[in-house]
Amino acid sequence: MINPYDWIEQSLATIHRAGWHRAVTTIESRPGAIVQIEGKSFLNFASNDYLGLAGDDRLIEAAIAATQAYGTGSTGSRLITGHRELHRQLECAIARLKQTEDAIVFSSGYLANLGTIAAIVGKRDLILSDQFNHSSLRNGAIVSGATILNYAHCDMQDLRTKLTQQRSHFQRCLILTDTIFSMDGNLCPLPQILDLADEFNCMVLVDEAHATGVMGRTGAGCVEHFGCTGRSIIQMGTLSKSLGSLGGYVTGSSALIDFLRNRAASWIYTTGLSPADTAAAIAAIEILQHEPQRREKLWQNIALFKQHINQHSLELLPSESAIVCLQLSDVETALRVGQSLRDAGIFAPAIRPPTVPTSRIRLTIMATHDRQHIEQLSSSLNRVVQ
Ligand SMILES: *Cc1c(COP(=O)(O)O)cnc(C)c1O
């Protein structure tokens, strides 16, 4: 008899041989600029908590108060027993932040992408997707059953060529893109994408996961940064990065949101967000809007870091966001640099294939880093890489 599960160990061995095996790291403290790992303090350059809100007392208090008022779980899907006034408050706050007609919150950003893409396109439709899009966009495209064409990263000529050749063979067409690419830190050319969408009668869904709270005058994201507020775009994002909570959102026209409440399976057939997560996200949006100085501090830190890095002439990938990547030649070098940084008390892990095509150290800057943190990172990087 052959054991039908034997292939799992063989596959794991292959993953190990390729240097692709990964395991979790336990963070033993509240999230923040400094975290505890294995009883030691580390400078944290690995978090997506760009504004430092995940450990903020006001979010924690809001979560506790909501838990006391409404319990720990929402006990059912939003359409049955899972809906609370808090959910509606959060959706209205997101719509106001984004200046759109309405919004809907999902249990995660990943589920927001899966459910939305699969609801709005199907077998007879075409999806054009940036080759470096997040896994949730790529898998949402697969789940939808639409024909998928990947265009070269941010390459508008390639997008135009594919639209010219293919658009007429399909009913609806959807263009998918991250606005800030999560493993690189660069921005998509949003105005050009929207112009092509107009020209070829396409819908556009943008993933603002790393842009919300970071980009734009009011922190609304890249759509605001590019002056595209008010254009017809389906915007999604997460509550789990700058907003320090858990959950995802989609925002756009009232018709779109009402349609998703009726057709997005990953919203209909899953339990509503917990009261604690919902209340924490509401508190975060309020802080985002009333404390622009947090965003300003973040951008000062990003500028300071780039200034130091230029002095040391280290090679960074192009970045216009709080995600800054140090390009490295191979997996072994990336792992070695990641470990040396760790030995120097800095937490900034190596990101390697298959997540990205080339190995790198991915650094994320936060508003709660101070000048010394940034200086320590720069000098350690310089020492470790030379
Ligand atoms: C993190 C992320 C998501 C998923 O959001 P979650 O709320 O963590 O599920 C989606 N898209 C991008 C680009 C992301 O970085």
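For residue classes, I count Ala, Val, Leu, Ile, Met, Phe, Trp, Tyr, Cys and Pro as nonpolar, Asp, Glu, Lys and Arg as charged, and the others, Gly among them, as polar. The model I am showing is a predicted one. I will go through its empty spaces, then the ligand, then two points on the backbone.

I start with the enclosed space. The count comes to one cavity of 30 Å³ or more. About 60 Å³ of space lies in this largest cavity. Its lining consists of Arg78, His87, Val105, Phe106, Ser107, Trp267, Thr270, Thr271, Gly272 and Leu273. By class, that is four nonpolar, five polar and one charged.

Now the open spaces. The largest pocket has a volume of about 1,100 Å³. Its lining takes in 31 residues, and the closest to the pocket centre are Ala23, Thr25, Ala46, Phe347 and Pro349. Where does the largest pocket lie with respect to domain 1 and domain 2? Domain 1 covers 25–55 + 292–385 and domain 2 covers 57–290; both give residues to the lining, so the pocket lies between them.

Which elements supply at least two residues each to that lining? They are helix H13, residues 331–343, strand E11, residues 346–347, and strand E12, residues 350–351. H13 gives the most, with four residues. In terms of class, the lining of the largest pocket has 14 nonpolar, 11 polar and six charged residues.

The second largest pocket holds about 360 Å³ of space. It is lined by 22 residues, and Arg231, Ser232, Ile233, Ile234 and Ser253 are the closest to its centre. Helix H7 (190–199), strand E7 (203–207), strand E8 (234–238) and helix H9 (254–263) each give two or more residues to this lining. The largest share comes from H7, at three residues. The classes here are 10 nonpolar, eight polar and four charged.

Next, the ligand. There are 14 residues around it, and those that come nearest are Gly109, Asp207, His210, Thr238 and Lys241. The shell divides into two nonpolar, nine polar and three charged residues.

Three polar side chains are worth pointing at on the screen. For Asp207, an N or O atom of the side chain is 2.5 Å from a nitrogen atom of the ligand. His134 also has a polar side-chain atom by a ligand nitrogen, at 3.3 Å. With Lys241, the ligand atom is an oxygen, and a polar side-chain atom of the lysine lies 2.6 Å from it. As for cover, the ligand taken alone exposes 380 Å², and the protein buries 86% of that.

Last, the backbone. Most residues other than glycine have a negative phi, and most peptide bonds are trans. Which peptide bond should you look at here? The one from Pro353 to Pro354, which is cis, with omega near 10 degrees. Pro354 sits in the loop between E12 and strand E13, residues 360–364. E12 is also one of the elements I named for the lining of the largest pocket.

The other point is Gln99. Its phi is positive, near 55 degrees, and it is a residue other than glycine. You will find Gln99 in the loop between helix H3, residues 85–98, and strand E3, residues 102–106. That is where I will stop.

Key
Residues numbered from 1 in each chain as written. Predicted model: local features only at pLDDT ≥ 70, side-chain atom pairs only at ≥ 80, totals over all residues. Heavy atoms only, no water. 1 Å grid on protein atoms, 1.4 Å probe; cavity = no way out; pocket = protein on both sides within 12 Å on 5 of 7 lines; lining within 4 Å. Points joined across faces, edges and corners; volume = space filled by probe spheres on them. Domains from an automatic or database assignment. Near = heavy atom within 4 Å. Polar contact = N/O pair within 3.5 Å; in protein donor to acceptor, adjacent residues only side chain to side chain. Areas by Shrake-Rupley, 256 points an atom, 1.4 Å probe, with all protein chains shown as cover.
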